[in-house]
Amino acid sequence: MPVRCFSCGKVIGHFYAVYKQKVAMGEDPQRALDQLGIERYCCRRMIMTHVDLIDDVLPYP
Ligand SMILES: [Zn+2]
C-alpha cells in the first residue's frame, strides 16, 4: 500500500489496515472511508482499488 495518495499527497497508508478491518467486520466500504476522514475521490480510490499482493507472492521464494 502506498503511504501517500498519488494525486494529492495525503498520507493514507496507515488507514488501509483499519479500513480492511472495518469492511471485514461488515462495515459498508463507503461509510468506513467516511469515518476515516478520507473524503477526496483520489484518496478513496487509493484504498478501494488497492489489492494485497504480498500474500500471493510470499509462498514463492
Ligand atoms: Zn488524494
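Let's start at Cys5, which is buried, with just 3% relative accessible area. Keep in mind that this is a predicted model, so every value here is computed from predicted coordinates.

Cys5 is one of the protein donors of a zinc ion: Cys5, Cys8, Cys42 and Cys43 each offer their SG atom, lying 2.3 Å from the metal. Along the chain the donors follow the spacing C-x2-C-x33-C-C. As for geometry, the angles among the 4 donor atoms run from 97 to 115°, and the site is tetrahedral. That call holds because four donors count as tetrahedral if all angles lie between 85 and 135 degrees.

How buried or exposed are these cysteines? Cys8 is partly exposed, at 36% relative accessible area, while Cys42 counts as buried at 18%. The cut-off matters for Cys42, because buried means under 20%.

Here are those cysteines together with two tyrosines that come up next:

| Residue | Relative accessible area | Class |
|---|---|---|
| Cys5 | 3% | buried |
| Cys8 | 36% | partly exposed |
| Cys42 | 18% | buried |
| Tyr16 | 12% | buried |
| Tyr19 | 10% | buried |

With several cysteines around, how many disulfides are there? The count comes to 0. A disulfide would be a covalent bond between the sulfur atoms of two cysteines.

On to the aromatics. Searching the whole structure turns up 1 aromatic pair. The partners are Tyr16 and Tyr19, with ring centres 6.5 Å apart and planes at 35°, so the pair is tilted. Both sit in helix H1 (residues 15-24), and because they are 3 residues apart, about one helical turn separates them. Tyr16 is buried at 12% relative accessibility, and Tyr19 is buried too, at 10%.

What about helix H2, residues 29-36: which of its residues are buried? They are Ala32, Leu33 and Leu36. Looking down the axis of H2, its buried residues fall within an arc of 95°, so they line one face of the helix. And what do the buried residues of H2 pack against? They pack against H1 and against helix H3 (41-48). H1 is the helix that holds the tyrosine pair, and the zinc donors include Cys42 and Cys43.

One last backbone detail: just after H2 comes Gly37, which takes a positive phi of about 80°.

Methods. Residues are numbered from 1 along each chain as its sequence is written. This is a predicted model: local features need pLDDT of at least 70, side-chain atom pairs count only at pLDDT 80 or more; totals for chains, interfaces and linings use all residues. Side-chain values use heavy atoms; hydrogens and water are left out. Donors are N, O and S atoms within 2.8 Å of the metal (3.2 Å for Na, K and Ca); water is not among the atoms, so sites may look incomplete. Four donors count as tetrahedral if all angles lie between 85 and 135 degrees; four count as square planar and six as octahedral if opposite donors are over 155 degrees apart and all others between 65 and 115; anything else is irregular. Buried means under 20% relative accessible area, exposed over 50%, partly exposed in between (1.4 Å probe, protein chains only). Rings of Phe, Tyr and Trp (its six-membered ring) pair if their centres lie within 6.5 Å; planes under 30 degrees apart count as stacked, over 60 as edge-to-face and the rest as tilted. Helices (H or I, at least four residues) and strands (E, at least two) are DSSP runs, numbered from the N terminus. A disulfide is a pair of cysteine sulfur atoms within 2.5 Å. The arc is that of the directions from the helix axis to the C-beta atoms. Contact means heavy atoms within 4.5 Å.
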